[in-house]
Amino acid sequence: GLPDVGEFVVEVKETSSDRLFYKKKYSDAIDQTISLNSGTHNFLAYYGDPLGVGFNSCYYKAETDYEVLPDQVNQVELTAKLANVKVAVNFGPALAFDHKNYYADILTTTGKKLRFKQKETRCGYVPVGDLTVVLYVYVQEKWYRFQGEPVICESNDFITFNIDTE
């Protein structure tokens, strides 16, 4: 499911200097007025770790630059979207029929991997970048490795790797 909005972190930075003015959980920031100097500021709200890998490692982010004018009170609204990649593996019926032991790893550009065991039905989350699926199959007392071509993934992509045998 979606994360609780209160768990998001809110940051405000001065755009010209990248100086952090404000950082709090949204649950602690709600209904607060933040005093800022005039100028352009970057408003960021996020949940999770952008480099996280796992079945519960979703990363949501919203960001905008906003011009703060003297002696004005304004409200900044942000809408967060999934900012990492949702990934699934679908093992086909022939693979399941022909082999008793197999699994797949999703390799990421960060060097981390997400393992999908043969009965796994959940989706996982990985960082943006190239993803490579590697299938491991146990045949006649030996593990065999089959590697796919890298797939380039962007924020908010949902990639399903369909793996089967002929």
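This passage walks through the cysteines, the salt bridges and two individual residues of a predicted model.

We can begin with the cysteines. A disulfide is a covalent bond between the sulfur atoms of two cysteines. A search of the whole structure turns up zero disulfides. For Cys 58, the reason is distance: the closest cysteine sulfur belongs to Cys 123 and lies 12 Å away, which is too far for a bond. Cys 153 is likewise in no disulfide, and the nearest cysteine sulfur, again that of Cys 123, is 13 Å away. Both residues can also be described by how much of their surface is accessible. Cys 58 has a relative accessibility of 10% and counts as buried, and Cys 153, at 1%, counts as buried too.

Charged side chains tell another story, since the whole structure contains six salt bridges. One of them brings together the side chains of Lys 25 and Glu 7, with N and O 2.8 Å apart. Here the two partners come from distant parts of the chain: Lys 25 sits in strand 2, which covers residues 19–25, whereas Glu 7 belongs to the segment before strand 1 (9–14), and 18 residues separate the pair. Are these partners buried or partly exposed? Lys 25 is partly exposed because its relative accessibility is 33%, and Glu 7 is partly exposed as well, with a relative accessible area of 35%.

Strand 2 also supplies Lys 23, whose salt bridge partner is Glu 11 in strand 1. The closest N and O atoms of Lys 23 and Glu 11 are 3.6 Å apart. Because Lys 23 and Glu 11 lie in separate strands, strand 2 and strand 1, their salt bridge ties together parts that are twelve residues apart in sequence. In this pair the partners fall into two accessibility classes: Lys 23 is partly exposed at 48%, but Glu 11 is buried, with a relative accessible area of 10%.

A further salt bridge joins Arg 115 to Asp 105, and the closest N and O atoms are 2.7 Å apart. Arg 115 is in strand 8 (residues 113–117) and Asp 105 is in strand 7 (residues 102–107), so this salt bridge connects parts that are ten residues apart in sequence. Arg 115 is partly exposed at 34% relative accessibility, while Asp 105, at 0%, counts as buried. Lys 113 takes part here too: salt bridges with shared partners link Asp 105, Lys 113 and Arg 115 into one network.

Next comes His 41, a member of strand 3, which runs over residues 39–47. Its relative accessibility is 0%, so His 41 counts as buried. Which residues does His 41 touch, leaving aside neighbours within four places in sequence? Among them are Val 12, Lys 13, Glu 14, Thr 15, Phe 21 and Leu 36, and the list also includes Thr 64, Asp 65, Tyr 66 and Val 68. Within strand 3 itself, the His 41 side chain reaches the backbone oxygen of Gly 39 at 3.1 Å.

Asn 156 offers a final stop, in the loop between strand 12 (151–153) and strand 13 (158–163). With a relative accessible area of 46%, Asn 156 is partly exposed. Once neighbours within four places in sequence are set aside, Asn 156 is in contact with Leu 82, Ala 83 and Asn 84. Val 139, by contrast, is 17 residues from Asn 156 along the chain, and the C-alpha atoms of these two residues are separated by 37 Å.

Notes. Residues numbered from 1 in each chain as written. Predicted model: local features only at pLDDT ≥ 70, side-chain atom pairs only at ≥ 80, totals over all residues. Heavy atoms only, no water. Disulfide = S-S within 2.5 Å. Buried < 20%, exposed > 50% of the residue type's maximum accessible area, 1.4 Å probe, protein only. Salt bridge = Lys/Arg side-chain N within 4 Å of Asp/Glu carboxyl O. Helix = DSSP H or I, 4+ residues; strand = E, 2+ residues; numbered from the N terminus. Contact = heavy atoms within 4.5 Å. Polar contact = N/O pair within 3.5 Å; in protein donor to acceptor, adjacent residues only side chain to side chain.
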